[in-house]
Amino acid sequence: MRVLSILTTAFAACTTVSAFAIEARDAATVVGDIRTLTTQLNTLQNQLKAFQGGAAGTGAALQIQGTEQTIENTLKKAAQDASNSPNFGNSGSADVANAIVGVERNIYSVLDLLIQKKSAFATAALGFSATGLVLQDLKNLKSQTDAFGANASAKLVPELAKLAPLLLSNIDYHYSVAIDAYSS
Ligand SMILES: *[C@@H]1O[C@H](CO)[C@@H](O)[C@H](O)[C@H]1NC(C)=O
């Protein structure tokens, strides 16, 4: 019994190692990350729309914070996957660029909602400044988005890599507007 269980464990360890070794990152992995990001941004959008602040909104504010952290982790994973991927090639580059263009809309909606909800965050009873927390979140999201953008751009074919700075500076501009709103 014991030998069997040791063998089973050893076998499981081997398959885990080989599964890890063959788990290559590529454009499809990055597109999958962007799809995950889109879903999480939609969740955040719905949470923000419902958010009213105040003492009654404490649980909601913490949920929003949790979703924001999840989004940061997805952006980190996307940046790592892009960095671990070989060049995306023609169709992979088109897929990644389209996915980024697609997710832009979701990012802008979240940023607009955050600006609209500033006064709600100002009244959120977290025991510390919720607007300060949102400001920090915005700065983190911006720098992680930039890191992902840079790492993904590096794998695009030159024709699309040329367009990336315009796309990314547009996203940066929207982040800056939201950061300004929370800085005053
Ligand atoms: C971005 O790519 C660089 C170079 O491959 C890598 O060192 C860095 O860790 C990547 N950034 C993230 C956030 O994974």
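This is a tour of one predicted model, stop by stop, with what to select at each stop.

**The whole chain**

Start with the full chain in cartoon view. Its secondary structure comes to eight helices and zero strands. Reading from the N terminus, the order of elements is therefore simply α-α-α-α-α-α-α-α. The chain has 184 residues, and 28% of them count as buried. Take the contacts between residues at least 6 apart in sequence: 85% of these join residues at least 24 apart.

**Colour by confidence**

Now colour the chain by pLDDT. The average is 90, and 88% of the residues score at least 70. Which helix has the lowest confidence, and which the highest? Helix α1, residues 2-22, is lowest with a mean of 49, while α2 is highest at 98. Select residues 13-19. Their pLDDT stays under 50, and the model gives this stretch zero contacts beyond four places in sequence. Where pLDDT is low, the predicted coordinates should not be read in detail.

**Helix α2**

Select residues 27-50, which form helix α2. Place a distance label between the C-alpha atoms at its two ends. At 1.5 Å a residue, 24 residues should span 34 Å; the end C-alpha atoms are 35 Å apart, so the two values agree.

Next, show the side chains of the buried residues in this helix. They are Ala27, Val30, Val31, Asp33, Ile34, Leu37, Gln40, Leu41, Leu44 and Leu48. What covers them? The cover includes α3 (58-84), α4 (89-116) and α6 (130-153).

**Helix α6**

Move to α6 and repeat the check on length. Its 24 residues should span 34 Å at 1.5 Å a residue, and its end C-alpha atoms are 34 Å apart, so the helix agrees with expectation. The buried residues here are Ala130, Val134, Leu138, Leu141, Thr145, Phe148, Gly149, Ala152 and Ser153. They pack against α2, α3, α4, α5, α7 (158-161) and α8.

While on α6, select Ala150, which also lies in this helix. Buried residues need 20 or more C-beta neighbours and exposed ones have 12 or fewer. Ala150 has 15 C-beta neighbours inside 10 Å, so Ala150 counts as partly exposed. Add Pro165 to the selection. Ala150 and Pro165 are 15 residues apart along the chain, and their C-alpha atoms are separated by 8.9 Å.

**The nonpolar core**

In soluble globular proteins, nonpolar side chains tend to be buried together. To look at this in the model, select Val30, Ile34, Ala78, Val96 and Val110. The largest nonpolar core has 37 residues, and these five touch the most other members. Helices α2, α3, α4, α6 and α8 (164-183) each supply at least two residues of this core.

Centre the view on Val96. Leaving aside neighbours within four places in sequence, Val96 is in contact with Ala27, Val30, Val31, Phe88, Ala152 and Leu156. Two of the helices already visited appear in that list: Ala27, Val30 and Val31 are among the buried residues of α2, and Ala152 is among those of α6.

**Ala97 and Ser119**

Select Ala97, in helix α4. Is Ala97 buried or exposed? There are 22 other C-beta atoms within 10 Å of its own, so Ala97 is buried. Beyond four places in sequence, Ala97 is in contact with Leu156 and Leu160. Ala97 and Leu160 are 63 residues apart in sequence but 7.4 Å apart in space, C-alpha to C-alpha.

For contrast, select Ser119, found in helix α5 (residues 118-123). Ser119 counts as exposed because it has 9 C-beta neighbours inside 10 Å. Add Gly54: 65 residues separate it from Ser119 in sequence, and the C-alpha atoms are 9.7 Å apart.

**The ligand**

Finish at the ligand. Which residues surround it? Select Lys76, Ala79, Gln80, Ser83, Ala147 and Asn151. Helices α3 and α6 are the elements that give two or more residues to this shell, and α3 gives the most, with four. By type, the shell divides into two nonpolar, three polar and one charged residue.

Keep Lys76 selected. Lys76 lies in helix α3, and with 14 C-beta neighbours inside 10 Å, Lys76 counts as partly exposed. Add Asp33 as a last step: Lys76 and Asp33 are 43 residues apart in sequence and 9.9 Å apart in space, C-alpha to C-alpha. Asp33 was met earlier, among the buried residues of α2.

Conventions: Residues numbered from 1 in each chain as written. Predicted model: local features only at pLDDT ≥ 70, side-chain atom pairs only at ≥ 80, totals over all residues. Expected span 1.5 Å × (residues − 1). Contact = placed C-beta atoms within 7 Å. Near = placed C-beta within 6 Å. Nonpolar A, V, L, I, M, F, W, Y, C, P; charged D, E, K, R; others polar. Core = buried A, V, L, I, M, F, W, Y, C linked by C-beta atoms within 7 Å. pLDDT = per-residue confidence, 0-100.
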